[in-house]
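Thanks for coming. I have one model to go through, so let me put it on the screen.

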Amino acid sequence: MPGLASKRRIPVSQPGMADPHQLFDDTSSTQSRGYGAQRAPGGLGYPAASATPQAAFLADPVSNMAMAYGSSLAAQGKELVDKNIDRFIPVTKLKYYFAVDTMYVGRKLGLLFFPYLHQDWEVQYQQDTPVAPRFDVNAPDLYIPAMAFITYVLVAGLALGTQDRFSPDLLGLQASSALAWLTLEVVAILLSLYLVTVNTDLTTIDLVAFLGYKYVGMIGGVLMGLLFGKIGYYLVLGWCCVAIFVFMIRTLRLKILAEAAAEGVPVRGARNQLRMYLTMAVAAAQPLLMYWLTFHLVR
């Protein structure tokens, strides 16, 4: 029948079947009609996607004012914290005591071991301000005392380990006792300076620096004791004790007797005699503490 033949010539397109004469599949209609297919935002029947919450927050003028106010509060809080920290911990002054370089460290260690060869012990000043330690070997620093203390604790642990006596508790006791003696020294000297009424530019940080130099000699004594026994320990520690005694005498006399020298008061005065005794006592205490903190580490 002509009607049926004409209908059979027109094939019914099935889903998923492509035209054999077509080079590429037409997927546009499938994506537009498929269930669950993705639809572009802002299309027909769908509202446009709103901006992210962060962008909306930043675009709000009130939010911008709040952020500016919060930044201002944070800056004020940081400034307040810095002022309070500087009041109790003088960070700016500590930077001065750590302004060192390799050449200064080498020269300072040579001065600590051989103070007899040094002639000029005056601290250099520039516009009423002492120059940085890296420019003046006579200036006190905290780098060598801090590194020497840490090295002393490590060497003490090594000495205890070679004697099968090492334990974390014993090493902690060694470090805490060294710090306790240093703190006691500083407090005693400050109290003595107050009682003797000495007007000096010697600060607490200066005392910590000068008193911390004895750890250098203690390290040398313990190391020589580990290598050569008690004979090496006593020889090196004895040399270091004499050296630190001379170093402290020549350094502190310029600090403690500076007022008397400026006023032209005779050294034989009663107050100046007390200052001299105080200088001698501080210098003499260094060898005693060096021996007390190291003798039990060498056997």
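What phi does threonine 197 take just after α8? Just after α8, threonine 197 has a positive phi of about 55 degrees. Helices here are DSSP runs of H or I with at least four residues, strands are E runs of at least two, and both are numbered from the N terminus.

Some conventions. This is a predicted model, where local features need pLDDT of at least 70, side-chain atom pairs need 80 or more, and totals for chains, interfaces and linings use all residues. Residues are numbered from 1 along each chain as its sequence is written, and side-chain values use heavy atoms, without hydrogens and water.

Now α8 itself. The end C-alpha atoms of α8 are 42 Å apart, which agrees with the 42 Å expected for 29 residues at 1.5 Å a residue; the expected span is 1.5 Å times one less than the number of residues. The buried residues of α8 include Leu171, Gln174, Glu185 and Val196, buried meaning under 20% relative accessible area, exposed over 50%, and partly exposed in between (1.4 Å probe, protein chains only).

Next, the surface. Trp181, Leu184, Tyr234, Tyr291, Trp292 and Phe295 make a nonpolar patch of about 610 Å². Patch residues have over 30% relative accessible area and no salt bridge (Lys or Arg side-chain nitrogen within 4 Å of an Asp or Glu carboxyl oxygen), with nonpolar side chains joined within 5 Å and like charges within 9 Å. α8 (168-196) and α12 (270-292) each supply at least two of the patch residues. Tryptophan 292 lies in α12 and is partly exposed, at 47% relative accessible area.

Note on methods. Accessible areas come from the Shrake-Rupley method with a 1.4 Å probe; for residues, only the protein chains shown count as cover.
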